[in-house]
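Q: I would like a close look at one part of this structure, explained step by step, with its surroundings brought in where they help. Please keep to what the coordinates themselves can support.

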Amino acid sequence: MAKYPLIKTTLKDRLLGGHYAEGLPLPSEPQLAREFEVSRMTARRAIDELEREGYVYRVQGAGTFPTGKRFRQGMFRVRPFKEWARHPDHRTTVLRAMQIEATPEIAIVLQIQPGDPVIFVHRLRTAGDEALVIEKRYINGNLVPNLLDHNLGAESIHEIMISLGVPLQRVEQNLEAVNLRQEEADLLRVPLGTAAFLLRRTTYSGQKRASYVNYWVRGDRYAFQDTFEP
């Protein structure tokens, strides 16, 4: 994995935590490159993605500035895989499913050691001829060494994990509006830069992070709805 996701995550945490004052520029790309010991191009890519997601904006000749904290509102739920799979017109294609070694970035996300086994699952959900949801999932391989023996195109990964003796007790998730990059746009068969939802979800087994997943969801085909008592 490239180093820019870790830089992006660190900068986003700083922005949301008020580390950078509004109205003042962030450190320059050369400064960020020195801090994170990466090339200037890598630092620029992290800033480019933060700008694309609306966390910062650039002023030519003045620098990059925070847009201010995003508001966090309410609850939302995503339709479980088993409900999705019941529909006769719905399909899930496994693009890749393999065991890899944890990179430093993935190790931080899953709270494991670099080089530890990680199961990577890349799936695409379609309804009829329309591609709707991209999934990229990273799972602590020490918890479910036999996961790849299952039919991941038809089975819920959460249910497989539970059946393998891994209780899943808590989920943290974050939903943002983004513009699709080339890879995701090609898979969803929409133009580059099309608006979409990006759902990031971390699932815990006890105090351990068992799974981390990114979902890219077509914004023109999905709406999120919930009912609750005020």
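A: What follows starts from one helix and works outward to the parts of the chain around it.

The model is a predicted one, and its chain contains seven helices and eight strands. Of the 230 residues in the chain, 40% are buried. Among the contacts with a separation of 6 or more, 59% are made by residues 24 or more positions apart in sequence. The accessible surface of the chain amounts to about 12,800 Å², and carbon and sulfur atoms account for 51% of that area.

The part chosen for the close look is helix α3, which covers residues 40-52. Its 13 residues should span 18 Å at 1.5 Å a residue, and since the C-alpha atoms at its ends are 18 Å apart, the expected and the computed values agree. The buried residues of α3 are Ala43, Ala46, Ile47, Glu49 and Leu50. When the helix is viewed down its axis, these buried residues fall within an arc of 160°, and they therefore line one face of α3. The cover over the buried residues of α3 includes the helices α1 (4-16) and α2 (29-36) as well as the strands β1 (56-59) and β2 (63-66).

Of these covering elements, α1 can be described in the same terms. Helix α1 also has 13 residues, and the distance of 18 Å from its first C-alpha to its last is close to the 18 Å expected at 1.5 Å a residue. Within α1, the buried residues are Tyr4, Ile7, Lys8, Leu11, Lys12, Arg14 and Leu15. Seen down the axis of α1, these residues lie within an arc of 160°, so they too line one face of their helix. The cover over the buried residues of α1 includes α2, α3, β1 and β2, and also β6 and β7 (195-205). Just after α1, glycine 18 adopts a positive phi of about 75°.

The strands β1 and β2, which help to cover α3, pair with each other in the antiparallel sense over four bridges. In this pairing, valine 56 stands opposite proline 66 of β2. The two strands form a hairpin with three residues between them, and glycine 61 in that hairpin takes a positive phi near 85°.

The segment just after α3 leads to another part of the chain. Glycine 54, found there, has a positive phi of about 90°. Its C-alpha atom is separated by 8.1 Å from that of valine 178, although the two residues are 124 residues apart along the chain. Valine 178 belongs to strand β6 (residues 170-179). With a relative accessible area of 3%, valine 178 is buried, because the cut-off for a buried residue is under 20%. Apart from neighbours within four places in sequence, valine 178 contacts Arg52, Glu53, Thr194, Ala195, Ala196 and Leu198. Arg52 is the final residue of α3, as the helix runs over residues 40-52.

Strand β6 in turn introduces the sheet to which it belongs. Six strands make up this open sheet in the order β3-β4-β5-β8-β7-β6, with antiparallel pairing. β6 and β3 (90-101) are its edge strands, each of them pairing on one side only. On average, and with direction ignored, neighbouring strands of the sheet are turned by 15° against each other.

At the edge formed by β3, this strand pairs in the antiparallel sense with β4 (residues 117-127) over 11 bridges. One of the partnerships involving β4 joins threonine 93 to leucine 124. Strand β4 is largely enclosed by the rest of the structure, because 10 of its 11 residues are buried. Strand β4 is also joined to β5 by 10 bridges, and these two strands run antiparallel. Arginine 123 stands opposite glutamate 135 in β5. The hairpin of β4 and β5 has two residues between the strands, and glycine 128 in its turn shows a positive phi of about 65°.

Asparagine 140 lies in β5, which covers residues 130-140. At 6% relative accessibility, asparagine 140 counts as buried. Leaving out residues up to four places away in sequence, asparagine 140 touches Leu110, Ile112, Pro117, Arg209 and Ala210.

To return to the starting point, α3 has its buried residues on one face, and the cover over them includes two helices, α1 and α2, together with strands β1 and β2.

Technical notes:
Residues numbered from 1 in each chain as written. Predicted model: local features only at pLDDT ≥ 70, side-chain atom pairs only at ≥ 80, totals over all residues. Heavy atoms only, no water. Expected span 1.5 Å × (residues − 1). Buried < 20%, exposed > 50% of the residue type's maximum accessible area, 1.4 Å probe, protein only. Arc of directions from axis to C-beta. Contact = heavy atoms within 4.5 Å. Areas by Shrake-Rupley, 256 points an atom, 1.4 Å probe, with all protein chains shown as cover. Pairing = 2+ DSSP bridges. Axes fitted to C-alpha atoms, helices over the stretch in contact; angles between N-to-C directions.
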